[in-house]
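Student: Please take a close look at a single part of this structure. I am new to it, so start with whatever is needed to place that part in the whole.

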Amino acid sequence: MIEVSFPTSKDIYIEINGKKLAVIESYKSTSKRESRHIEAFGENESVGTIPGKIKYYVEISRIYMCDTNMNSEIDFYNLSDFNLTIVKPDKRILYSNCEWTQISESAGINDTLIESLSLIASSRMELI
């Protein structure tokens with residue numbers, strides 16, 4: 001009998017600058033390209049498009065700091081120009097030159113939880 005396991009949230013975690021920082025419940029990534037139309041004199045419609053710059057946006061939800069990082073020097077509020085790696089069971093997704101845009105946190109007793117972290121990145125690469 002072959003046993004198949006599906007990835008769960010405990011299998012997804014983030015590394016910042018190569019250091020495992022936290023496990024995450026979920027994330028959402030969006031890529032946007034600033035494409036432009038090519039117009040020709042006398043034509044009613046565009047005759048083509050030109051690809052533009054790509055921008056990467058990542059939203060991470062429910063971030064649980066790893067026990068080894070509870071007293072870590074890494075502080076999301078002080079991060080600038082960092083690399084973020086989202087590690088999943090089947091691949092790693094590396095976002096480079098990141099800057100955070102929004103942080104939302106909540107905590108209970110003996111809890112370290114960041115509700116959400118939004119960031120922008122200049123490049124994205126998938127590693128297997």
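Tutor: Two residues are in contact here when they have heavy atoms within 4.5 Å of each other. Among the contacts in the chain with a separation of 6 or more, 58% are between residues 24 or more positions apart. The model is predicted, and confidence in it varies along the chain. The mean pLDDT is 81, and 82% of the residues reach 70 or more. Among the elements, strand E9 (residues 123-127) has the highest mean pLDDT, 93, and strand E1 (residues 13-16) the lowest, 80. Over residues 1-9 the pLDDT is below 50, and this stretch has four contacts in the model beyond near neighbours in sequence. Where pLDDT is low, the predicted coordinates should not be read in detail.

The chain has nine strands and zero helices. Of its 128 residues, 27% count as buried.

The part to look at is strand E6, with the residues around it. Take Thr85, which is found in strand E6. Thr85 counts as buried because its relative accessibility is 8%, and the cut-off for buried is under 20%. Neighbours within four places in sequence aside, Thr85 is in contact with Tyr13, Ile14, Glu15, Arg92, Ile93 and Leu94.

One of those contacts is Glu15, which lies in strand E1. Glu15 is also buried, since its relative accessible area is 10%. The side chain of Glu15 makes a polar contact of 2.6 Å with the side chain of Arg92. Apart from its neighbours within four places in sequence, Glu15 is in contact with Lys20, Leu21, Asn83, Leu84, Thr85, Val87 and Arg92. Arg92 is thus among the contacts of Thr85 and among those of Glu15.

Asn83 lies in strand E6 too. Asn83 counts as partly exposed because its relative accessibility is 31%. Leaving out neighbours within four places, the contacts of Asn83 include Glu15, Ile16 and Asn17, and also Leu94, Tyr95, Ser96 and Asn97. A polar atom of the Asn83 side chain lies 3.3 Å from the backbone nitrogen of Asn97. The C-alpha atoms of Asn83 and Asn97 are separated by 5.7 Å, although the residues are 14 apart along the chain.

Asn97 lies in strand E7. At 41% relative accessibility, Asn97 counts as partly exposed. Asn97 has a positive phi of about 55 degrees although it is not a glycine. Most residues other than glycine have a negative phi. Asp81, in the loop between E5 and E6, has a positive phi as well, of about 50 degrees, and it is not a glycine either.

That loop also supplies one ring of an aromatic pair, and a search of the whole structure finds one such pair. Tyr77 and Trp100 form it edge-to-face, with 5.9 Å centre to centre and 85 degrees between the planes. Tyr77 is in the loop between strand E5 (54-65) and strand E6 (82-87), while Trp100 is in strand E7 (residues 92-105), so the pair links distant parts of the chain, 23 residues apart. Tyr77, at 39% relative accessibility, counts as partly exposed; so does Trp100, at 29%.

Next comes the nonpolar packing that strand E6 shares in. The largest nonpolar core has 24 residues, and those with the most contacts inside it are Ile14, Ile60, Ile63, Phe76, Leu84 and Tyr95. E6 gives two or more residues to this core, as do E1, strand E2 (19-33), E5, E7 and strand E8 (113-121). The largest share, five residues, comes from E5. In soluble globular proteins, nonpolar side chains tend to be buried together. Tyr95 touches Phe82, Asn83, Leu84 and Ile86, among others, not counting residues up to four places away in sequence. Its other contacts include Ser29, Tyr56, Val58 and Ala121.

In short, two residues of strand E6 show two settings: Thr85 is buried, whereas Asn83 is partly exposed. Glu15 is a contact of Thr85 and of Asn83.

How values were computed:
Residues are numbered from 1 along each chain as its sequence is written. Side-chain values use heavy atoms; hydrogens and water are left out. Rings of Phe, Tyr and Trp (its six-membered ring) pair if their centres lie within 6.5 Å; planes under 30 degrees apart count as stacked, over 60 as edge-to-face and the rest as tilted. Helices (H or I, at least four residues) and strands (E, at least two) are DSSP runs, numbered from the N terminus. Buried means under 20% relative accessible area, exposed over 50%, partly exposed in between (1.4 Å probe, protein chains only). pLDDT is the predictor's confidence in each residue, from 0 to 100. A polar contact is a pair of N or O atoms within 3.5 Å; within protein, one must be able to donate a hydrogen and the other to accept it, and residues adjacent in sequence count only if both atoms are side-chain atoms. A nonpolar core is a set of buried Ala, Val, Leu, Ile, Met, Phe, Trp, Tyr and Cys residues joined through side-chain atoms within 4.5 Å.
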